[in-house]
Amino acid sequence: MHRIPLRLATAATALAAVLAAAPTAGADDRGGWEPWPSPSFDLPAGARCDFPVHLEPVVDRVERHVLAADPDGTVRRVAYRGALVMRLTNTLTGAHHDADAGGRSHVEYRPDGSQTWQAHGPILLGFGTGAGNLPRDLYTVDGVYTVDIGATGYRTLTLRHGSADPLCAKIA
């Protein structure tokens with residue numbers, strides 16, 4: 001197992017925004033899977049890239065399946081799957097890149113606000129300055145890996161097999 005050394009970076013991103021919003025349990029009659037749409041959002045200059053970035057889904061068939069919840073309905077473990085392509089746009093120049101973020105993951109949400117993602121396949125993950133073990137950027141992470149998000153928001157990516165491809169340079 002390869003553990004990336006702790007150094008810099010972290011914060012919220014497209015998929016992180018989706019996964020971090022631990023809602024209450026509930027699902028339709030499709031075997032427990034329910035649609036889980038990804039939001040569009042904007043990141044100011046310096047948050048992930050040197051310039052402002054707009055992120056929006058151009059393909060979004062993400063579903064979730066609640067695996068465990070507290071008696072009050074607070075979700076504790078969830079599986080996510082489905083096609084997701086997020087368009088990252090440099091709002092100063094209009095340059096854009098479509099990032100495949102349609103991996104599969106199991107996420108454990110803890111009462112202190114920390115999370116662990118056991119994931120396979122691509123996701124979009126952002127790191128802010130000094131808030132994780134990768135430099136500030138937006139990344140397509142692909143392969144087999146774990147993302148630990150501490151109660152303070154500090155992110156640790158542990159790659160078992162795969163890569164973390166920085167994206168800001170693609171839209172600079």
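The following paragraphs lead through a predicted model, from its overall make-up to its sheet, its core and its salt bridges.

The chain contains one helix and 13 strands. Read from the N terminus, the elements follow the order β-α-β-β-β-β-β-β-β-β-β-β-β-β, so the helix comes directly after the opening strand. Of the 172 residues in the chain, 45% are buried. The accessible surface amounts to about 7,800 Å², and carbon and sulfur atoms account for 55% of this area. Contacts that reach across the sequence are also described by a share: among those between residues at least 6 apart, 59% join residues at least 24 apart.

One part of the strand architecture is an open sheet of four strands, arranged in the order β3-β4-β7-β8 with antiparallel pairing. At its edges stand β3 and β8 (96-100). Each of these two has a single partner strand, and therefore one side of each lacks a neighbour in the sheet. Direction ignored, neighbouring strands of this sheet are turned by 25 degrees against each other on average. In general, the strands of a sheet pair through backbone hydrogen bonds, in either a parallel or an antiparallel manner. Within the present sheet, β4 and strand β7 (residues 84-90) run antiparallel and are joined by seven bridges. A specific point of reference along this pairing is H54, whose bridge partner in β7 is T89.

The interior may be considered next. In soluble globular proteins, nonpolar side chains tend to be buried together. In this model, the largest nonpolar core comprises 38 residues, and L55 and L88 are the members that touch the most others. The largest share of this core comes from β12, which supplies six residues.

Charged side chains add a further set of links. How many salt bridges does a search of the whole structure find? The search yields seven, and three of them are described here, including the pair formed by R136 and D50. In that pair, the closest N and O atoms lie 2.5 Å apart. The two residues belong to distant parts of the chain, 86 residues apart: R136 sits in the loop between β11 (123-127) and β12 (137-149), while D50 sits in the loop between β3 (41-43) and β4 (53-60). The loop of D50 thus connects two strands of the open sheet. R136 counts as partly exposed because its relative accessibility is 26%, whereas D50, with a relative accessible area of 63%, is exposed.

A second salt bridge brings together the side chains of E63 and R81, with an N to O distance of 2.8 Å. Here too the pair links distant parts of the chain, for E63 lies in strand β5 (residues 63-69) and R81 in strand β6 (residues 75-81), 18 residues apart. Is E63 buried or exposed? Its relative accessible area is 14%, so E63 is buried, as this value falls under the 20% limit. R81, by contrast, has a relative accessible area of 25% and is partly exposed.

In a third salt bridge, the side chains of R110 and E108 meet at 3.9 Å, N to O. With 29% relative accessibility, R110 counts as partly exposed. E108 is likewise partly exposed, its relative accessible area being 36%.

Note on methods:
Residues numbered from 1 in each chain as written. Predicted model: local features only at pLDDT ≥ 70, side-chain atom pairs only at ≥ 80, totals over all residues. Heavy atoms only, no water. Salt bridge = Lys/Arg side-chain N within 4 Å of Asp/Glu carboxyl O. Buried < 20%, exposed > 50% of the residue type's maximum accessible area, 1.4 Å probe, protein only. Pairing = 2+ DSSP bridges. Axes fitted to C-alpha atoms, helices over the stretch in contact; angles between N-to-C directions. Core = buried A, V, L, I, M, F, W, Y, C linked by side-chain atoms within 4.5 Å. Contact = heavy atoms within 4.5 Å. Areas by Shrake-Rupley, 256 points an atom, 1.4 Å probe, with all protein chains shown as cover.
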